[in-house]
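The following exercises concern salt bridges and the burial of their partners. Work through each task before reading its solution.

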Amino acid sequence: MNLQHCHWLNEPASWKHQEDVLHVTTDIKTDFWRDTWYGFQRHSGHVFGRYVDDIHVEAGFTFQICIEGCFEHLYDQAGIMLLVDEQHWLKAGVEHSDGQATIGSVLTNSCSDWAMGVFPGNPDKFWLRLTYGEGVIRLQYSTDGVKWPLLRLSPFAVDSQRIFIGAMCCSPEREGLQVKFSDFSLKSSLKRHLHDLS
């Protein structure tokens, strides 16, 4: 995936990329959320990515990246995002919550849900993989870039042929979360067995 073909949704004040490595420092109080529990709507988080063409949307695709950061403050988060519009999207990654690093995802179909668990390894460096096809999202994570346990499997019907996919980071309670993204990959769907960990 050539980063020269990517662009920002909510460009941060401080960022740079060299070849396939992206460095980002988050702006103040940035977030993605819609209604549930808190009653507010936020669409100010940073996403660096590209639109997937209609051929790949129809046939299915797999997007994968490596994320490195130091998650120390409440709701600091970084990972990946798939976006159709402000009411239909998924974000996933590591987030600092309840005094520790958690891994989880937020799926938004008009309203947001939130599913998470304790991160089973070193949260300073991890990988995420999202496979989309036939109206289904398969989300996997890795602590070593080798084994890929399942994080989420969910229906996600897309009427639009324009899907934006990319690297996401937010800091809802502050500014200054520093994140490094690398190993960007966008290709045809892996189409592997659900419990294939490779």
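**Preliminaries.** E68 is partly exposed, at 22% relative accessible area, where buried means under 20%, exposed over 50% and partly exposed in between (1.4 Å probe, protein chains only). The model is predicted, so local features need pLDDT of at least 70 and side-chain atom pairs pLDDT 80 or more, whereas totals for chains, interfaces and linings use all residues. Residues are numbered from 1 along each chain as its sequence is written, and side-chain values use heavy atoms, leaving out hydrogens and water.

**Exercise 1.** Determine which residue forms a salt bridge with E68.

*Solution.* Apply the criterion: a side-chain nitrogen of Lys or Arg within 4 Å of a carboxyl oxygen of Asp or Glu. K180 is the partner of E68, with the closest N and O atoms 3.8 Å apart. Next, locate both residues: E68 lies in strand β7 (residues 61-69) and K180 in strand β17 (residues 178-188), so the bridge ties together parts 112 residues apart in sequence; strands (E, at least two residues) are DSSP runs numbered from the N terminus. Finally, K180 is partly exposed at 30% relative accessibility.

**Exercise 2.** Establish whether D76 is buried or exposed, and describe its pairing with R174.

*Solution.* The relative accessible area of D76 is 0%, and the residue is buried. Its side chain meets that of R174 in a salt bridge of 2.8 Å, N to O. R174 sits in the loop between β16 (163-170) and β17, and D76 in the loop between β7 and β8 (77-85), 98 residues apart.

**Exercise 3.** State how many salt bridges a search of the whole structure finds.

*Solution.* The search finds 4. Among them is the bridge between D113 and R152, at 2.6 Å from N to O.

Definitions and conventions: Helices (H or I, at least four residues) and strands (E, at least two) are DSSP runs, numbered from the N terminus.
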